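Me: I would like to take a close look at a single part of this structure and to see how it fits into the rest of the chain. Please explain it in a formal way that a first-year student can follow.

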Amino acid sequence: RLRMSMRKKDGGPNSKHYDSPEVIAAFEPIRNWLLKNAKKHVQADPPTNKALATLICQLIQFQEESLGKNATNRPMTRFPAKLFGDFLLGGSLCHICAIAFKTKVEQSWRRFDFQIPSRVDRNIEMMISMERTLVQQSFLSFPVIFVRDDVEKSEAAKIGELVESHKASLTLDRKQATHINQ
(Lines give C-alpha, C1' and ligand atoms only; values in the text may rest on other atoms or scores of the structure.)
Protein backbone atom coordinates (compact mmCIF):
# COMPACT_ATOMS: atom_id res chain seq x y z
CA ARG A 1 0.00 0.00 0.00
CA LEU A 2 1.38 3.41 -0.96
CA ARG A 3 1.73 5.62 2.11
CA MET A 4 2.31 9.11 0.79
CA SER A 5 -0.77 11.26 0.35
CA MET A 6 -2.10 11.46 -3.21
CA ARG A 7 -3.75 14.83 -2.65
CA LYS A 8 -2.82 18.05 -0.95
CA LYS A 9 -5.22 19.62 1.50
CA ASP A 10 -6.51 22.01 -1.21
CA GLY A 11 -7.74 19.01 -3.24
CA GLY A 12 -5.03 19.23 -5.89
CA PRO A 13 -2.57 16.41 -6.47
CA ASN A 14 0.57 15.93 -4.48
CA SER A 15 3.05 15.93 -7.38
CA LYS A 16 5.84 14.58 -5.15
CA HIS A 17 3.70 11.51 -4.58
CA TYR A 18 3.41 10.85 -8.33
CA ASP A 19 7.13 11.50 -8.88
CA SER A 20 8.23 8.96 -6.29
CA PRO A 21 9.89 5.79 -7.64
CA GLU A 22 7.53 3.67 -5.52
CA VAL A 23 4.41 5.16 -7.15
CA ILE A 24 5.88 5.14 -10.66
CA ALA A 25 6.68 1.44 -10.23
CA ALA A 26 3.11 0.82 -9.01
CA PHE A 27 1.85 1.83 -12.47
CA GLU A 28 3.45 -1.26 -14.05
CA PRO A 29 0.31 -3.43 -13.71
CA ILE A 30 -1.79 -0.55 -15.10
CA ARG A 31 0.55 -0.22 -18.08
CA ASN A 32 0.44 -3.97 -18.74
CA TRP A 33 -3.35 -4.01 -18.45
CA LEU A 34 -3.61 -1.15 -20.96
CA LEU A 35 -1.29 -2.93 -23.42
CA LYS A 36 -3.56 -5.96 -23.24
CA ASN A 37 -7.05 -4.44 -22.86
CA ALA A 38 -6.77 -1.05 -24.59
CA LYS A 39 -4.29 -2.20 -27.21
CA LYS A 40 -5.66 -0.23 -30.15
CA HIS A 41 -5.57 2.99 -28.13
CA VAL A 42 -2.04 2.64 -26.79
CA GLN A 43 -0.13 0.58 -29.38
CA ALA A 44 0.92 3.57 -31.51
CA ASP A 45 2.47 5.31 -28.51
CA PRO A 46 2.74 2.87 -25.55
CA PRO A 47 2.77 4.73 -22.22
CA THR A 48 5.55 4.45 -19.68
CA ASN A 49 4.87 4.14 -15.98
CA LYS A 50 6.09 7.73 -15.54
CA ALA A 51 3.73 8.95 -18.30
CA LEU A 52 0.79 7.23 -16.56
CA ALA A 53 1.73 8.75 -13.20
CA THR A 54 1.95 12.18 -14.84
CA LEU A 55 -1.40 11.68 -16.59
CA ILE A 56 -3.15 10.82 -13.32
CA CYS A 57 -1.54 13.77 -11.55
CA GLN A 58 -2.72 16.08 -14.36
CA LEU A 59 -6.24 14.57 -14.27
CA ILE A 60 -6.52 15.20 -10.55
CA GLN A 61 -5.33 18.79 -11.03
CA PHE A 62 -7.76 19.31 -13.93
CA GLN A 63 -10.71 17.99 -11.96
CA GLU A 64 -9.80 20.21 -9.01
CA GLU A 65 -9.59 23.31 -11.24
CA SER A 66 -12.68 22.49 -13.32
CA LEU A 67 -14.85 20.62 -10.83
CA GLY A 68 -13.53 21.60 -7.39
CA LYS A 69 -15.08 23.85 -4.80
CA ASN A 70 -13.61 27.01 -6.35
CA ALA A 71 -14.71 26.16 -9.90
CA THR A 72 -17.66 27.90 -11.49
CA ASN A 73 -20.26 26.06 -13.56
CA ARG A 74 -19.33 22.51 -12.52
CA PRO A 75 -20.84 20.04 -15.01
CA MET A 76 -20.15 17.04 -12.79
CA THR A 77 -18.74 16.03 -9.41
CA ARG A 78 -15.09 15.18 -8.85
CA PHE A 79 -14.15 11.52 -8.60
CA PRO A 80 -13.37 10.23 -5.12
CA ALA A 81 -9.62 10.06 -4.41
CA LYS A 82 -9.83 6.31 -3.81
CA LEU A 83 -10.45 5.75 -7.53
CA PHE A 84 -7.01 7.21 -8.29
CA GLY A 85 -5.38 4.89 -5.78
CA ASP A 86 -6.80 1.62 -7.13
CA PHE A 87 -3.74 -0.03 -8.69
CA LEU A 88 -5.38 -3.44 -9.03
CA LEU A 89 -5.50 -5.12 -12.43
CA GLY A 90 -8.76 -4.14 -14.04
CA GLY A 91 -9.38 -1.62 -11.26
CA SER A 92 -10.70 1.91 -11.53
CA LEU A 93 -7.29 3.37 -12.44
CA CYS A 94 -7.03 0.97 -15.40
CA HIS A 95 -10.42 2.13 -16.71
CA ILE A 96 -9.64 5.81 -16.12
CA CYS A 97 -6.42 5.48 -18.14
CA ALA A 98 -8.13 3.41 -20.86
CA ILE A 99 -10.78 6.10 -21.42
CA ALA A 100 -8.09 8.79 -21.44
CA PHE A 101 -6.13 7.00 -24.18
CA LYS A 102 -9.31 6.18 -26.11
CA THR A 103 -10.21 9.87 -26.09
CA LYS A 104 -6.68 10.85 -27.10
CA VAL A 105 -6.89 8.60 -30.16
CA GLU A 106 -10.47 9.58 -31.08
CA GLN A 107 -9.66 13.30 -30.79
CA SER A 108 -6.34 12.86 -32.67
CA TRP A 109 -4.43 14.49 -29.83
CA ARG A 110 -0.67 14.13 -29.94
CA ARG A 111 -0.53 14.52 -26.17
CA PHE A 112 -2.73 15.14 -23.19
CA ASP A 113 -3.09 18.81 -22.34
CA PHE A 114 -5.30 19.96 -19.52
CA GLN A 115 -4.08 23.57 -19.59
CA ILE A 116 -5.35 24.69 -23.01
CA PRO A 117 -8.64 26.58 -22.53
CA SER A 118 -9.98 25.41 -25.90
CA ARG A 119 -9.68 21.80 -24.74
CA VAL A 120 -11.59 22.16 -21.47
CA ASP A 121 -14.91 21.00 -22.96
CA ARG A 122 -13.29 17.93 -24.58
CA ASN A 123 -11.55 17.11 -21.31
CA ILE A 124 -14.84 17.41 -19.43
CA GLU A 125 -16.45 15.10 -22.01
CA MET A 126 -13.62 12.64 -21.35
CA MET A 127 -14.27 12.86 -17.59
CA ILE A 128 -18.00 12.23 -18.19
CA SER A 129 -17.09 9.18 -20.26
CA MET A 130 -14.84 8.00 -17.42
CA GLU A 131 -17.67 8.52 -14.96
CA ARG A 132 -20.06 6.47 -17.11
CA THR A 133 -17.52 3.62 -17.37
CA LEU A 134 -16.74 3.71 -13.64
CA VAL A 135 -20.47 3.46 -12.86
CA GLN A 136 -20.93 0.60 -15.37
CA GLN A 137 -17.97 -1.25 -13.84
CA SER A 138 -19.34 -0.65 -10.30
CA PHE A 139 -16.34 1.40 -9.16
CA LEU A 140 -18.49 4.49 -8.67
CA SER A 141 -22.00 4.87 -7.34
CA PHE A 142 -24.02 7.92 -6.46
CA PRO A 143 -25.19 8.55 -2.90
CA VAL A 144 -28.77 8.01 -1.77
CA ILE A 145 -29.67 10.69 0.77
CA PHE A 146 -32.25 10.53 3.52
CA VAL A 147 -33.37 13.90 4.89
CA ARG A 148 -34.74 13.63 8.40
CA ASP A 149 -38.30 14.77 9.06
CA ASP A 150 -37.20 17.47 11.52
CA VAL A 151 -35.28 19.39 8.82
CA GLU A 152 -37.08 22.60 7.81
CA LYS A 153 -38.82 22.46 4.42
CA SER A 154 -36.74 25.33 2.99
CA GLU A 155 -33.53 23.59 4.09
CA ALA A 156 -34.77 20.26 2.72
CA ALA A 157 -35.46 21.96 -0.65
CA LYS A 158 -31.88 23.32 -0.72
CA ILE A 159 -30.56 19.87 0.11
CA GLY A 160 -32.69 18.41 -2.68
CA GLU A 161 -31.24 20.83 -5.23
CA LEU A 162 -27.70 20.08 -4.06
CA VAL A 163 -28.32 16.34 -4.15
CA GLU A 164 -29.69 16.56 -7.69
CA SER A 165 -26.75 18.65 -8.91
CA HIS A 166 -24.37 15.88 -7.79
CA LYS A 167 -26.34 13.04 -9.45
CA ALA A 168 -27.31 11.69 -6.06
CA SER A 169 -30.88 10.86 -5.14
CA LEU A 170 -33.23 11.31 -2.22
CA THR A 171 -35.03 8.52 -0.46
CA LEU A 172 -37.90 8.42 2.01
CA ASP A 173 -36.66 5.08 3.37
CA ARG A 174 -33.86 5.50 5.88
CA LYS A 175 -32.72 1.90 5.29
CA GLN A 176 -32.01 2.56 1.59
CA ALA A 177 -29.88 5.62 2.35
CA THR A 178 -26.13 5.69 1.98
CA HIS A 179 -26.07 9.10 3.72
CA ILE A 180 -28.35 10.62 6.34
CA ASN A 181 -28.68 14.39 6.59
CA GLN A 182 -28.18 15.42 10.19
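Reply: The following account concerns helix H6 and its surroundings in a predicted model.

It is useful to begin with the chain as a whole. The chain has 182 residues, and buried residues make up 43% of them. Its secondary structure comes to 8 helices and 3 strands. Read along the sequence, these elements follow the pattern α-α-α-α-α-α-α-β-α-β-β. The C-alpha trace spans about 55 × 40 × 30 Å along its principal axes. Among the contacts with a separation of 6 or more, 65% join residues that are 24 or more positions apart.

The confidence of the prediction should also be kept in mind. The mean pLDDT of the chain is 88, and 93% of the residues reach 70 or more. Over residues 1-5, however, the pLDDT is below 50, and this stretch has 11 contacts in the model beyond near neighbours in sequence.

Helix H6 itself comprises residues 92-106. What span should its 15 residues have at 1.5 Å a residue? The expected span is 21 Å, because the rise is counted over one less than the number of residues. The C-alpha atoms at the two ends of H6 are 21 Å apart, which agrees with that expectation.

How many of the residues of H6 are buried? The count is 12 of 15, and H6 is thus mostly covered. The buried residues include a run that begins with Ser92, Leu93, Cys94, His95 and Ile96. Cys97, Ala98, Ile99, Ala100 and Phe101 are buried as well, and Thr103 and Lys104 complete the list. In an α-helix there are 3.6 residues a turn, so residues three or four places apart point the same way.

Which elements cover H6? Its buried residues pack against four other helices, namely H3 (28-37), H4 (39-42), H5 (49-67) and H7 (120-136).

One residue of H4 allows this packing to be seen in detail. His41 has its place in helix H4. Its relative accessible area is 17%, and it therefore counts as buried, the cut-off being under 20%. Leaving aside neighbours within four places in sequence, His41 is in contact with Phe101, Lys102 and Val105. Phe101 is one of the buried residues of H6.

Helix H7 is another of the neighbours. Its 17 residues should span 24 Å at 1.5 Å a residue, and its end C-alpha atoms are indeed 24 Å apart. In H7 the buried residues are Asn123, Ile124, Met126, Met127, Ser129, Met130, Glu131, Thr133 and Leu134. These buried residues pack against H5 and H6.

The next point is what comes after each of these two helices. H6 is followed by Ser108, which lies in the loop between H6 and H7. The phi of Ser108 is near 60°, a positive value in a residue other than glycine. Is Ser108 buried or exposed? Its relative accessibility is 62%, and the cut-off for exposed is over 50%, so Ser108 counts as exposed.

H7 is followed by Ser138, a residue of the loop between H7 and strand S1 (144-147). Ser138 has a positive phi of about 65° although it is not a glycine. At 64% relative accessibility, Ser138 counts as exposed.

A residue from another part of the chain may be set beside these two serines. Pro13 is found in the segment before helix H1 (15-19). Its relative accessibility is 6%, and Pro13 therefore counts as buried. Pro13 and Leu89 are 76 residues apart along the chain, and their C-alpha atoms are separated by 23 Å.

Finally, the model has pockets to consider. The largest pocket has a volume of about 390 Å³. It is lined by 19 residues, of which Phe142, Pro143, His166, Ala168 and His179 lie nearest its centre. Helix H8 (residues 153-165) supplies the largest share of this lining, with 3 residues. By type, the lining residues divide into 12 nonpolar, 4 polar and 3 charged.

To return to the part requested, H6 is a mostly covered helix whose buried residues pack against H3, H4, H5 and H7, and it is followed by Ser108 with its positive phi.

Technical notes. Residues numbered from 1 in each chain as written. Predicted model: local features only at pLDDT ≥ 70, side-chain atom pairs only at ≥ 80, totals over all residues. Heavy atoms only, no water. Buried < 20%, exposed > 50% of the residue type's maximum accessible area, 1.4 Å probe, protein only. Contact = heavy atoms within 4.5 Å. pLDDT = per-residue confidence, 0-100. 1 Å grid on protein atoms, 1.4 Å probe; cavity = no way out; pocket = protein on both sides within 12 Å on 5 of 7 lines; lining within 4 Å. Points joined across faces, edges and corners; volume = space filled by probe spheres on them. Nonpolar A, V, L, I, M, F, W, Y, C, P; charged D, E, K, R; others polar.
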